[in-house]
Amino acid sequence: MTDQTHRPDYPPKTPPPPKRPVEPPRPEANTAVAARPRMRAVISNRRAANWTLDNAPWTPAKAGRHILGQLDAWHYQPTAALAACLTQITELLARTALADGGRRVSLHLADQDRQALVMVLSHTAGTDITSDELLRGIADLGASSCGVDTATDGRRLWAVIDL
């Protein structure tokens with residue numbers, strides 16, 4: 001005969017508590033410096049022209065001809081000395097950008113208040129070496145201001161010349 005009212009001497013086994021969900025791995029501390037993307041080159045509220053040039057030995061001379069031709073189309077009459085200055089600065093900017101090793105460069109020209117902005121973009125990442133000698137050379141050729149900007153999408157070289 002079995003006793004139906006028999007109770008066990010111990011409490012019933014309780015289910016184990018739920019396991020914690022697997023935590024995703026924590027990100028490692030990034031030691032790289034956070035960099036903002038470079039602003040696009042924007043030329044607004046003035047006349048502008050641009051050309052895409054291949055990486056070839058004749059490209060710097062061609063860039064100089066493009067600049068002089070466009071300034072002539074805009075009815076600027078540079079003296080022979082100023083035309084030589086513009087050509088030399090443009091060729092130096094183009095040679096420097098082409099030395100970065102890309103397949104092409106972009107040449108940009110804008111004018112405002114009897115000044116011309118000549119800018120060359122190299123479109124080659126990883127080139128961040130610019131010597132002060134380059135900037136001094138551009139200034140010595142007659143630029144009123146000049147500069148270089150480097151980012152992951154390439155290098156921008158620019159000069160402002162008084163017309």
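This note sets out the fold of a predicted model, from its overall make-up to its sheet and helices.

1. Overall make-up. The protein chain holds three helices and five strands. Read from the N terminus, these elements follow the order β-α-α-β-β-α-β-β. Of the 163 residues in the protein chain, 33% are buried. Among contacts with a separation of 6 or more, 66% join residues 24 or more positions apart. The protein chain has an accessible surface of about 11800 Å², and carbon and sulfur atoms contribute 54% of that area.

2. The sheet. The five strands form an open sheet in the order β1-β2-β3-β5-β4, and their pairing is antiparallel. Two strands, β1 (48-54) and β4 (145-151), lie at the edges, each pairing on one side only. From one strand to the next, the twist averages 15°. As a general matter, strands of a sheet pair through backbone hydrogen bonds, in either a parallel or an antiparallel sense.

3. The β2-β3 pairing. Strand β2 spans residues 104-112 and strand β3 spans residues 115-121; seven bridges join them in the antiparallel sense. One bridge can be located by residue: Asp-111 has Ala-116, in β3, as its partner.

4. Helices on the sheet. Helix α1 (residues 59-73) packs on the sheet and touches β1, β2 and β3. The direction of α1 makes about 160° with that of β1. Helix α2 (residues 80-98) also packs on the sheet, where it touches β1, β2, β3 and β5 (154-162). The direction of α2 makes about 175° with that of β5.

5. Geometry of α1. Helix α1 comprises 15 residues. The distance from its first C-alpha to its last is 21 Å, close to the 21 Å expected at 1.5 Å a residue. After α1 comes His-75, which has a positive phi, near 70°.

6. The buried side of α1. Which residues of α1 are buried? They are Thr-59, Pro-60, Ala-63, Gly-64, Ile-67 and Leu-71. These residues lie on the same side of α1, because they cover an arc of only 145° around the axis. An α-helix has 3.6 residues a turn, so residues three or four places apart point the same way. The cover over the buried residues of α1 includes β1, α2, β2 and β3. The strands named in that cover, β1, β2 and β3, are also those that α1 touches as it packs on the sheet.

Methods. Residues are numbered from 1 along each chain as its sequence is written. This is a predicted model: local features need pLDDT of at least 70, side-chain atom pairs count only at pLDDT 80 or more; totals for chains, interfaces and linings use all residues. Side-chain values use heavy atoms; hydrogens and water are left out. Two strands pair if DSSP finds at least two bridges between them. Helices (H or I, at least four residues) and strands (E, at least two) are DSSP runs, numbered from the N terminus. Axes are lines fitted to C-alpha atoms, for helices over the stretch in contact, and angles run from 0 to 180 degrees between N-to-C directions. Contact means heavy atoms within 4.5 Å. The expected span of a helix is 1.5 Å times one less than its number of residues. Buried means under 20% relative accessible area, exposed over 50%, partly exposed in between (1.4 Å probe, protein chains only). The arc is that of the directions from the helix axis to the C-beta atoms. Accessible areas come from the Shrake-Rupley method with a 1.4 Å probe; for residues, only the protein chains shown count as cover.
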